[in-house]
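Let's take a walk through this structure together. Keep the 3D view open and follow along as we go.

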Amino acid sequence: SETEPTTARPLADLATTKTAPATVNAGSQFDYAITITNNGPADSAGATFSDILPAGTTFVSITPSAGCTTPAVGASGTITCTLGTLNAAAPGNDATYTLRVQLSNPYTPATVVNSATATVVNEIDRTPGNNTGQATSNVVRGTVGNLVFRDDDGDGVQDGGEPGVSGITVRLLDAGGAQQALRVQGFDLR
């Protein structure tokens, strides 16, 4: 009878956490923090993580960028990074990345949700349920801009001779009364 050689693969446990700001403005750039930890018992060599950008976002940058493949700046797509060796349960030996994205404007959904998933290559992940980290941000779709001015002719357009008004605070509130945007106008810069 023939015997087949078997190779024992060590056990690792990659865990991914992902954080983002609680609220983001439509049309703005913001950062995701991605951390991959190896809870062991064995070291993990050559693991990767991937992040598919959600609809309505485009790639700006990732830091560090070594070992990463990314979409072009301004494009959507998938980011994939090779992590190198993650020592088992060594404090401070996490792989940490900052992913900056651009949110479109307009952006219709009330939230933007994004996930990153770590995958072992040479080991067996004993707890695959913690390989994905997810972050959700509420999207502020309104903004306050331009100037408050004295509209002498009532046409809603600032014409020559209609001065800006200084010392004005404008707050944009949602239906529940929560502040969504704020602008304080000091003086007319036009």
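A polar contact here is a pair of N or O atoms within 3.5 Å, where, within protein, one must be able to donate a hydrogen and the other to accept it. Keep in mind as you look that this is a predicted model.

With that cut-off in hand, start at asparagine 130, whose side chain makes a polar contact with the side chain of aspartate 13 at 3.2 Å. Asparagine 130 belongs to the loop between β11 (124–125) and β12 (132–140). Its surroundings come from distant parts of the sequence: the C-alpha atoms of asparagine 130 and alanine 15 are 5.0 Å apart, although 115 residues separate the two along the chain. Leaving aside residues up to four places away in sequence, asparagine 130 touches Asp13, Leu14, Ala15, Thr16 and Asn39. Is this asparagine 130 buried, partly exposed or exposed? Its relative accessible area is 23%, so asparagine 130 counts as partly exposed.

Now let's turn to the sheets. One of them is an open sheet of 4 strands, which follow the order β2-β4-β9-β6 with antiparallel pairing. At its edges you will find β2 (14–19) and β6 (57–63), each of which pairs on one side only. From one strand to the next, the twist averages 25 degrees. Within this sheet, β4 (residues 29–38) and β9 (residues 95–103) run antiparallel and are joined by 8 bridges. To see one of these pairings on screen, pick out isoleucine 36, which has alanine 95 in β9 as its bridge partner. As a general point, strands of a sheet pair through backbone hydrogen bonds, either parallel or antiparallel.

Stay with the edge strand β6 for a moment, because threonine 57 is found there and is buried, with a relative accessible area of 3%. The side chain of threonine 57 reaches the backbone oxygen of proline 54 at 2.7 Å. Which residues does threonine 57 touch, not counting those up to four places away in sequence? They are Ser76, Val101, Gln102, Leu103 and Val112.

Another open sheet has 6 strands in the order β3-β12-β10-β5-β8-β7, and its pairing is mixed. β3 (23–25) and β7 stand at the edges with a single partner strand each, so one side of each has no neighbour in the sheet. Strand β7 pairs with β8 in the antiparallel sense, over 2 bridges. Across that pairing, cysteine 68 stands opposite cysteine 81 in β8.

That brings us to the disulfide, where the count comes to 1. Why do cysteine 68 and cysteine 81 qualify? Their sulfur atoms are 2.0 Å apart, and a disulfide requires a pair of cysteine sulfur atoms within 2.5 Å, so this pair passes. Because cysteine 68 lies in strand β7 (residues 68–69) and cysteine 81 in strand β8 (residues 78–86), the pair ties together parts that are 13 residues apart in sequence. The torsion about the S-S bond of cysteine 68 and cysteine 81 is about 110 degrees, which means the disulfide is right-handed.

Finally, consider how accessible the two partners are. Cysteine 81 is buried, with a relative accessible area of 0%. Cysteine 68 has 17% relative accessibility and counts as buried too, because the cut-off for buried is under 20%.

Key: Residues numbered from 1 in each chain as written. Predicted model: local features only at pLDDT ≥ 70, side-chain atom pairs only at ≥ 80, totals over all residues. Heavy atoms only, no water. Buried < 20%, exposed > 50% of the residue type's maximum accessible area, 1.4 Å probe, protein only. Pairing = 2+ DSSP bridges. Axes fitted to C-alpha atoms, helices over the stretch in contact; angles between N-to-C directions. Contact = heavy atoms within 4.5 Å.
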